[in-house]
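Biologist: This structure is new to me. Shall we go through it with short questions and short answers?

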Amino acid sequence: MQTIVLATQKGGAGKSTLAIGLARAAIQAGHSVRLIETDMQGTLSSWQGRRAYAEPLVEPVYDARDVEQHLQSLAHDGTTLAIVDTASGTSAVTSAAIRHADLCLIPARPSIADIESAAATLSVVRACKKPFAFVLNQTPARGRRVDNAAAAIGDDTTSGMADVVAKPFIAMRNDHQDALSAGLAVSEFAPEGKSADEIRSLWQWVEAKLNSGITDHAEAGGKLADTRPSAQAARDADASWDACL
Ligand SMILES: Nc1ncnc2c1ncn2[C@@H]1O[C@H](COP(=O)(O)OP(=O)(O)OP(=O)(O)O)[C@@H](O)[C@H]1O
Ligand SMILES: [Mg+2]
């Protein structure tokens with residue numbers, strides 16, 4: 001079984017929306033998928049409550065001490081992909097999920113505030129030496145803002161950062177919000193729509209990244225992590241070592 005964790009300190013970046021979208025795309029690609037909800041806000045459970053279909057099952061795991069055993073039992077029962085949705089901020093359960101991830105996805109809206117606030121999450125990901133990628137979400141359909149945001153992450157081939165910015169970017173469209181309200185994934189809500197296309201393509205990118213093997217990209221994110229004030233960086237470093245030793 002492989003485990004993907006969606007995490008970022010910033011609220012509203014799209015963790016839950018992307019978790020649902022990727023889960024459905026992975027099922028369509030043949031995976032047996034479980035969505036793990038570690039966020040007590042309960043976005044995924046509420047979504048499942050509105051949903052007419054059983055799959056993908058949402059399983060709440062709110063205690064950091066339960067994460068490892070829960071993932072082991074899913075693997076034992078034949079699940080091939082676990083997708084973990086986390087709460088905004090940093091927490092023990094988010095760190096535990098990252099510790100067991102094969103890939104961490106860090107959603108960010110194309111704003112400097114979203115990208116900078118991902119640094120605390122990235123420090124945990126780096127301490128755990130986990131592969132990761134940013135997913136630029138809620139991007140405008142056109143304009144320079146997205147390119148500027150990707151540049152802020154460091155998306156240039158010369159430094160190898162192209163590998164840590166997932167493609168395609170996911171544009172801001174009502175389909176995502178309407179699908180969430182209807183208890184559907186966006187590829188169920190509007191299968192022929194551009195949003196569904198983007199999410200399916202994003203799954204292909206993620207799958208290729210998972211299959212490319214475990215490569216430590218943590219150093220590639222150093223530029224972003226180093227943008228924090230030093231006192232905060234020290235606190236984050238302590239927290240991340242607590243999480244991963
Ligand atoms: N690409 C998109 N286009 C339009 N709306 C979007 C998109 N992605 C997410 N949204 C909307 O933005 C809001 C926040 O998304 P979501 O709940 O997935 O973020 P989150 O990171 O899980 O938030 P939280 O930190 O509160 O858990 C939701 O209303 C969602 O429908
Ligand atoms: Mg959420």
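Biologist: Which residue of E3 is the bridge partner of Ile 36?

Modeller: The partner is Glu 59. Keep in mind that this is a predicted model. Ile 36 belongs to E2, which spans residues 33-37, and E3 covers 57-60.

Biologist: What makes E2 and E3 a pair of strands?

Modeller: Two strands pair if there are at least two bridges between them. Four bridges join E2 to E3. The cut-off is met, so they count as paired. The two run parallel.

Biologist: What do E2, H2 and E3 make together?

Modeller: They make a right-handed β-α-β unit. The test is to look with the strands pointing away from you: a path that runs clockwise over the helix is right-handed.

Biologist: Where is the cis peptide bond that involves Pro 56?

Modeller: The bond joins Glu 55 and Pro 56, with omega at about -10 degrees. Pro 56 sits in the loop between H2 and E3. There is also a cis bond between Lys 167 and Pro 168, where omega is about -5 degrees. That proline is in the loop between H7 (145-153) and E7.

Biologist: In what order do the strands of the sheet come?

Modeller: The order is E3-E2-E4-E1-E5-E6-E7. The sheet is open, has seven strands and is paired in parallel.

Biologist: Why are E3 and E7 called edge strands?

Modeller: Each pairs on one side only. E7 (170-171) is joined to E6 by two bridges. The cut-off is at least two, so this pair qualifies. Within it, Thr 139 stands opposite Ala 171 of E7.

Biologist: What makes Gln 138 worth a look?

Modeller: Gln 138 has a positive phi of about 60 degrees, although it is not a glycine. It lies in strand E6.

Biologist: How do you know whether Gln 138 is buried or exposed?

Modeller: Count the other C-beta atoms within 10 Å: 20 or more means buried, 12 or fewer means exposed. Gln 138 has 20, so it is buried.

Biologist: And is Lys 129 buried or exposed?

Modeller: Lys 129 has 12 C-beta neighbours inside 10 Å, so it counts as exposed. Lys 129 is in the loop between H6 and E6. Its phi is positive too, at about 55 degrees, and it is not a glycine.

Biologist: Why is Arg 126 called buried?

Modeller: Arg 126 has 25 other C-beta atoms within 10 Å. The cut-off is 20 or more, so the word applies. Arg 126 belongs to helix H6, residues 119-127. Its C-alpha is 10.0 Å from that of Ile 98, which is 28 residues away in sequence.

Biologist: Why is H4 described as largely enclosed by the rest of the structure?

Modeller: Six of its eight residues are buried, so the description fits. They are Val 93, Thr 94, Ser 95, Ala 96, Ala 97 and Ile 98.

Biologist: How do you know that the buried residues of H8 line one face?

Modeller: The buried ones are His 176, Ala 179 and Leu 180. Seen down the helix axis, they fall within an arc of 100 degrees, so they line one face. The face turned away from them carries the exposed residues Asn 174 and Ser 181.

Biologist: What covers the buried residues of H8?

Modeller: The cover includes H1, H2 (43-49), H9 (186-189) and H10 (194-211). Just after H8, Gly 183 has a positive phi of about 70 degrees.

Biologist: How many residues surround ligand 1?

Modeller: There are 20 of them. The closest are Gly 11, Lys 15, Ser 16, Thr 17 and Ser 88. H1 (15-28), E6 (132-139) and H8 (174-181) each supply at least two residues of the shell.

Biologist: How does the shell divide into nonpolar, polar and charged residues?

Modeller: Five are nonpolar, twelve are polar and three are charged. Glycine counts as polar here, so Gly 11 is in the polar group.

Biologist: What about the protein as a whole?

Modeller: It has twelve helices and seven strands. Of its 245 residues, 47% count as buried. Among contacts with a separation of 6 or more, 77% join residues 24 or more positions apart.

How values were computed
Residues are numbered from 1 along each chain as its sequence is written. Chains are lettered from A and ligands numbered from 1 in the order in which they are written. This is a predicted model: local features need pLDDT of at least 70, side-chain atom pairs count only at pLDDT 80 or more; totals for chains, interfaces and linings use all residues. A residue is near a molecule or strand if its C-beta atom, placed from the backbone, lies within 6 Å of it. The arc is that of the directions from the helix axis to the C-beta atoms. Two residues are in contact if their C-beta atoms, placed from the backbone, lie within 7 Å.
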